Amino acid sequence: MENTKRYIALLRGVNISGRNKVPMAELKQCFEALNFVEIRTYLNSGNVIFSSAETDAAAMTDRIEGMLQRQFGLEIPVFVLPQENLADILTHAPNWWGTGNKAIYDNLIFILPPATFAEVYREIGAPKEGLEQILAYRASVFWSFSRTEYQKTNWWPKTASLPVGGKLTIRTANTLRKIVQM
C-alpha cells in the first residue's frame with residue numbers, strides 16, 4: 001500500500017494467567033476494522049505489527065485503546081511506535097544487553113506516555129548492583145538481571161506493581177528482535 005509506514009503496537013498485560021483475554025485472530029480483525037493493513041501478531045502477548053498511512057502514534061494509540069474497550073471490555077494501555085524507532089532503539093542497546101547469556105534475562109521496558117523515565121526511576125529507584133543493570137534510551141529502558149536471583153532485584157517486584165507497573169510494558173530482547181523484522 002502506498003504511503004504507509006510500519007508500526008508496532010504493544011498491548012500491556014494481555015493473556016497473562018488467564019486475565020485480559022484477547023484472542024490474536026480476533027485482535028487482527030479489529031485492527032483491520034480500524035483500517036490498518038498488513039497486520040501480523042506475534043506470540044499471544046499483544047504484539048501487533050501493522051501498516052498505516054496515519055502518522056500520529058498518539059491518535060492511533062487512542063483508537064486502539066478505544067477498540068479494546070468496546071470489543072473486549074478491557075482498559076488495556078497500548079504503546080505504539082514506528083518500526084524504525086524500535087530498530088533505532090535496538091541499535092543503541094548497551095553491550096551487556098541481549099548477549100544471549102543464558103544466566104541473564106534481557107528485557108526492554110517501554111514507558112507509556114505521559115510517564116517519563118525520571119518519574120519511573122523515582123518510583124523504583126536504582127538497580128541493585130551485581131544483580132541488575134539499566135540504561136534509558138528514548139521512552140525505553142534496557143534492563144538485564146540474573147535469572148536465578150531476580151527476586152532479589154529492585155526492579156523486578158516493582159515493575160509488576162501499581163502504580164508504576166501501569167506506566168510500563170515490557171518485552172524480551174528476543175521478542176523485540178523478531179518483531180522489528182516483521
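Here's a quick briefing on the pockets and the open sheet in this structure. Keep in mind that the model is predicted. The largest pocket comes in at about 680 Å³, and the second largest holds about 320 Å³. On the fold side, there's a four-stranded open sheet with antiparallel pairing.

**The largest pocket**

- A total of 25 residues line the largest pocket, and R12, G13, I16, A160 and I170 are the ones nearest its centre.
- Three elements each put at least two residues into the lining of the largest pocket: strand 5 (104-111), helix 5 (155-159) and strand 8 (168-172).
- Strand 8 gives the largest share of that lining, with five residues.
- Sorted by class, the lining of the largest pocket comes out as 12 nonpolar, nine polar and four charged residues.

**The second largest pocket**

- The space in the second largest pocket is about 320 Å³.
- The second largest pocket has 18 lining residues, with V78, F79, V80, L112 and P113 closest to its centre.
- Helix 2 (57-72), strand 4 (78-82) and helix 3 (83-91) each supply at least two residues of the lining of the second largest pocket.
- Helix 2 makes the largest contribution to that lining, at five residues.
- By class, the lining of the second largest pocket splits into 11 nonpolar, three polar and four charged residues.

**The open sheet**

- The four strands of the open sheet run in the order 2-3-1-4, with antiparallel pairing.
- Strand 2 (37-42) and strand 4 sit at the edges, each pairing on one side only.
- On average, and ignoring direction, neighbouring strands of this sheet are turned by 20 degrees against each other.
- Five bridges join strand 1 (residues 5-11) to strand 4 in the antiparallel sense.
- If you want a spot to look at, L11 stands opposite V78 in strand 4, and V78 is also among the residues closest to the centre of the second largest pocket.

**Helices across the strands**

- Helix 1 (residues 24-33) lies across strand 1, strand 2 and strand 3 (47-52), and its run is at about 155 degrees to strand 2.
- Helix 3 lies across strand 1, strand 3 and strand 4, running at about 85 degrees to strand 4.
- Helix 3 and strand 4 turn up again in the lining of the second largest pocket, where each supplies at least two residues.

Note on methods
Residues numbered from 1 in each chain as written. Predicted model: local features only at pLDDT ≥ 70, side-chain atom pairs only at ≥ 80, totals over all residues. Heavy atoms only, no water. 1 Å grid on protein atoms, 1.4 Å probe; cavity = no way out; pocket = protein on both sides within 12 Å on 5 of 7 lines; lining within 4 Å. Points joined across faces, edges and corners; volume = space filled by probe spheres on them. Nonpolar A, V, L, I, M, F, W, Y, C, P; charged D, E, K, R; others polar. Pairing = 2+ DSSP bridges. Axes fitted to C-alpha atoms, helices over the stretch in contact; angles between N-to-C directions. Contact = heavy atoms within 4.5 Å.
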